[in-house]
2 protein chains.
Amino acid sequence: MQLTVIWNIVPRMTRETYKKPDYEKALRKAGIRITRPRRVILSILGETDDHPDALEIFRRAVAIDSSISLSTVYRTMKLLEGLGAIHRHAFEGGPSRFEQAVGEHHDHLIDMESGDVIEFHSEKIEQLQNEIARELGYEIVHHRLELYGRRIK
Amino acid sequence: MQLTVIWNIVPRMTRETYKKPDYEKALRKAGIRITRPRRVILSILGETDDHPDALEIFRRAVAIDSSISLSTVYRTMKLLEGLGAIHRHAFEGGPSRFEQAVGEHHDHLIDMESGDVIEFHSEKIEQLQNEIARELGYEIVHHRLELYGRRIK
DNA sequence: AATGCAATTGCAAATCGTTTGCAAGAAGGA
DNA sequence: TCCTTCTTGCAAACGATTTGCAATTGCATT
């Protein structure tokens, strides 16, 4: 199977402008078959704002179509990740958690008590990272910045 | 078993000033028994400059004392981590890799071709992180910053 | 140096998250 | 509709790590 990054076929997509039919058309164009399980998983990813792990996605999927299997969830996540449609995050030990690749890049602040994930973005930090990498003779392909913190009362 | 962070009992330790006897004394003071396997693992951690994973530490340990088991390596890593004597890093999927907690905090730049890990530190980035967290109503307990890059030719 | 007991060990089996082989079942272009 | 290829569910395999257990060992105490 040959993978092409198709996410740019569906550009400027945000949580608000997200439309399933367009999305599926783009996938089909990239040679990906729209199956029942995939449609279910896609709809879950499109509707959530949190960062569920495979098991959680599986649970939600089963609630819609009980015949879906966990391996299909894993396979679909890997497929979508390869297409650039979702991002995988491995926070501190735990299982991978996924989020739809919507809008621009951001980093994460993890609430150590609740496990909540807060997204943020700092252009200044990004620039500093590039500077540092350049000084060391590298160009950054991607990065990971996670802040683990406690809510200030 | 009651754990106390003892690493500050052995302050200002650098790779150059590191002395096993002092180290072991500090551990004993914290109620940790210095066993043969632990002495071996400690010496490996003290001598290396890279970021070996448990299996690699196990291999090196076996070369010194063939009776050491992998589970003891894991148990010791967890113990030392709890004491603050080592840091655990989980880079992109792979197994945890460890490094002695020596000197001050630093982040990592991972060479995507070779897997090499380059350490760096930027006070500016640290400050920005604190600002961001504060704005979001959080105080940072710790963070993880990894740059994945390619060498510029 | 010998004693006693809790801490530590090695081993094998268990666990967790994830991947894979396989035969059966569906997608979608002709 | 037919045919080929992709996808699926299932169960078994997987890699990293943890655990239960009985045997061993460190070390504070005699």
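**Exercise 1. Contacts with DNA strand C**

In this predicted model, a phosphate oxygen of DNA strand C is 3.2 Å from a polar backbone atom of Ile34(A). Identify a side chain with an N or O atom 2.8 Å from a phosphate oxygen of DNA strand C, and state which elements give two or more residues to the surface near this strand.

*Solution.*
Step 1. The side chain is that of Lys78(A), one N or O atom of which is 2.8 Å from a phosphate oxygen of DNA strand C.
Step 2. From chain B, a backbone N or O atom of Ile68(B) lies 3.5 Å from a phosphate oxygen of DNA strand C.
Step 3. Two or more residues are given to this surface by helix H4 (70–83) of chain A, and likewise by helix H2 (36–47) and helix H4 (70–83) of chain B. The most comes from H4(A), with 4 residues.
Step 4. In total, 20 residues surround DNA strand C, and the closest are Tyr74(A), Arg38(B), Ser67(B), Thr72(B) and Arg75(B). By class, the surface comprises 6 nonpolar, 7 polar and 7 charged residues.
Step 5. On the DNA side, sugar or phosphate accounts for 63% of the strand C atoms within 4 Å of the protein, and bases for the rest.

**Exercise 2. Contacts with DNA strand D**

Determine which polar contacts reach DNA strand D through a base oxygen and which through a phosphate oxygen.

*Solution.*
Step 1. A base oxygen of DNA strand D has a polar side-chain atom of Arg33(A) at 2.9 Å.
Step 2. For the phosphate oxygens, an N or O atom in the side chain of Tyr74(B) is at 2.6 Å, and a backbone N or O atom of Ser96(B) is at 3.0 Å.
Step 3. Helix H2 (36–47) and H4 of chain A, together with H4 of chain B, each give two or more residues to the surface near DNA strand D. H4(B) gives the most, with 4 residues.
Step 4. The residues surrounding DNA strand D number 21, the closest being Ser67(A), Thr72(A), Arg75(A), Tyr74(B) and Lys78(B). Their classes are 6 nonpolar, 8 polar and 7 charged.
Step 5. Of the strand D atoms within 4 Å of the protein, 67% belong to sugar or phosphate and the rest to bases.

**Exercise 3. Helix H2 of chain B**

Check the length of H2(B) against the span expected at 1.5 Å a residue, and list its buried residues.

*Solution.*
Step 1. H2(B) has 12 residues, so at 1.5 Å a residue the expected span is 16 Å.
Step 2. The end C-alpha atoms are 17 Å apart, which agrees with that expectation.
Step 3. The buried residues of H2(B) are Val40(B), Ile41(B), Leu42(B), Ser43(B), Ile44(B), Leu45(B) and Gly46(B).

**Exercise 4. The sheet across the two chains**

What is the order of the 6 strands in the open sheet, and why is one side of each edge strand left without a neighbour?

*Solution.*
Step 1. The order is S4(A)-S3(A)-S5(A)-S5(B)-S3(B)-S4(B), and the pairing is mixed.
Step 2. Strand S4 (117–120) of chain A and strand S4 (117–120) of chain B stand at the edges; each has a single partner strand, so one side of each has no neighbour in the sheet.
Step 3. Ignoring direction, neighbouring strands are turned by 25 degrees against each other on average.
Step 4. Strand S5 (residues 138–151) of chain A and strand S5 (residues 138–151) of chain B run antiparallel and are joined by 13 bridges. Within this pairing, Tyr148(A) has His142(B) as its bridge partner.
Step 5. Strand S3 (residues 107–111) of chain B runs parallel to S5(B), with 4 bridges joining them. Here His108(B) has Glu146(B) as its bridge partner.

Definitions and conventions:
Residues are numbered from 1 along each chain as its sequence is written. Chains are lettered from A and ligands numbered from 1 in the order in which they are written. This is a predicted model: local features need pLDDT of at least 70, side-chain atom pairs count only at pLDDT 80 or more; totals for chains, interfaces and linings use all residues. Side-chain values use heavy atoms; hydrogens and water are left out. Two strands pair if DSSP finds at least two bridges between them. A residue is near a molecule or strand if one of its heavy atoms lies within 4 Å of it. A polar contact is a pair of N or O atoms within 3.5 Å; within protein, one must be able to donate a hydrogen and the other to accept it, and residues adjacent in sequence count only if both atoms are side-chain atoms. Ala, Val, Leu, Ile, Met, Phe, Trp, Tyr, Cys and Pro count as nonpolar, Asp, Glu, Lys and Arg as charged, and the others, Gly among them, as polar. The expected span of a helix is 1.5 Å times one less than its number of residues. Buried means under 20% relative accessible area, exposed over 50%, partly exposed in between (1.4 Å probe, protein chains only). Axes are lines fitted to C-alpha atoms, for helices over the stretch in contact, and angles run from 0 to 180 degrees between N-to-C directions.
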